[in-house]
Amino acid sequence: MTDLGPVAWPPAPIRTGRLVLREPEAGDRAAFIELYASPEVHLYLGGPRPRGELEREMPEVPGLRPGSFVVDLDGAMIGHVVLRRAAEHHCPAAEGKVDLGYLFLPRAWGFGYAAEACAAALDWLDGALPGEPVVLATQTANAGSMRLAAKLGFVEVERFRAWDADQWLGLRAPAARCRTTRSAGTWRRPGSRPTGWRA
């Protein structure tokens, strides 16, 4: 994955009805470690990373790059939404397109926060890079992620096999409007290697 290209970064914090999407800060490090060490979060992501390894290797300010949003609820990080360009992908249809990724702490699941945060990030992208199509890949077994993809306006492009699991690739046409209704909290890129916090 590479950065987004010519975007002004960081943007002003993005406020939704309940959340703030903002640039990562040093105070988010513990929440990032919790996120990447969680077996529940990484059920479809190849398994969690060992906490000790994360403590040693996690940067002081994790996820500090264009397109990386901390999802903040009442002053605390509950998730991470990332928009990055897919320079290489298992599906040629995704190469060169912006890729949406998301992870949420289990305590934030079931309140519609993932849909609300991802819709806000996609709206920001529509303004920052008009006309950009966006892709999202998820494991077909992850029913919550499949529902969220549909709610956000992604339509199936193809299915493929990777990381010993069946995967789904969806495409969101430029400026597709997102519906932010209540949904199960979920994460993105099930079956992939958990590398979201690395550069």
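Is D74 buried or exposed? D74 turns out to be exposed, with a relative accessible area of 75%; the cut-offs here are under 20% for buried, over 50% for exposed and partly exposed in between, using a 1.4 Å probe and protein chains only. This residue sits in the loop between β3 and β4, and its phi is positive, about 55 degrees, although D74 is not a glycine.

A word on the model itself. It is a predicted one, so local features need pLDDT of at least 70 and side-chain atom pairs count only at pLDDT 80 or more, while totals for chains, interfaces and linings use all residues. Residues are numbered from 1 along each chain as its sequence is written, and side-chain values use heavy atoms, with hydrogens and water left out.

On to the overall layout. The protein has four helices and eight strands, taken as DSSP runs (H or I of at least four residues for helices, E of at least two for strands) and numbered from the N terminus. Their order along the chain is β-β-α-α-β-β-β-α-β-α-β-β. Of the 199 residues, 55% are buried. Contacts (heavy atoms within 4.5 Å) with a separation of 6 or more come to 71% from residues 24 or more positions apart. The accessible surface is about 8500 Å², with 53% of it belonging to carbon and sulfur atoms; areas of this kind come from the Shrake-Rupley method with a 1.4 Å probe, and for residues only the protein chains shown count as cover.

The eight strands form an open sheet with mixed pairing, in the order β1-β2-β3-β4-β5-β6-β8-β7, where two strands pair if DSSP finds at least two bridges between them. β1 and β7 are the edge strands, each pairing on one side only. Towards the β1 side of that order, β2 (residues 20-22) runs antiparallel to β3 and is joined to it by three bridges, with V20 bridged to D72. β7 and β8 are antiparallel too, through seven bridges, and R159 stands opposite W168 in β8. Two residues separate the strands of this hairpin, and W163 has a positive phi near 55 degrees there.

Next, the helices. Helix α1 (residues 29-37) lies across β3, β4 and β5, at about 75 degrees to β4; such angles run from 0 to 180 degrees between N-to-C directions, with axes fitted to C-alpha atoms, for helices over the stretch in contact. α3 packs on the sheet as well, touching β1, β2, β3, β4, β5, β6 and β8, and makes about 40 degrees with β4. In α4 (residues 143-151), the buried residues are G144, S145, M146, L148, A149 and K151. Their cover includes β5, α3, β6, β7 and β8. After α4 comes G153, with a positive phi near 95 degrees.

As for the interior, a nonpolar core is a set of buried Ala, Val, Leu, Ile, Met, Phe, Trp, Tyr and Cys residues joined through side-chain atoms within 4.5 Å. The largest has 36 residues, and V81, L83, L100, F104 and F154 touch the most other members. β3, β4, β5, α3, β6 and α4 each give two or more residues to this core, and α3 gives the most, with eleven. Leaving out residues up to four places away in sequence, the contacts of V81 include F69, V71, L100, F104 and A121. A second, separate core has 14 residues, among them A31, I33, M77 and L105.

One last backbone detail: the peptide bond from W9 to P10 is cis, with omega near 0 degrees, and P10 is in the segment before β1.
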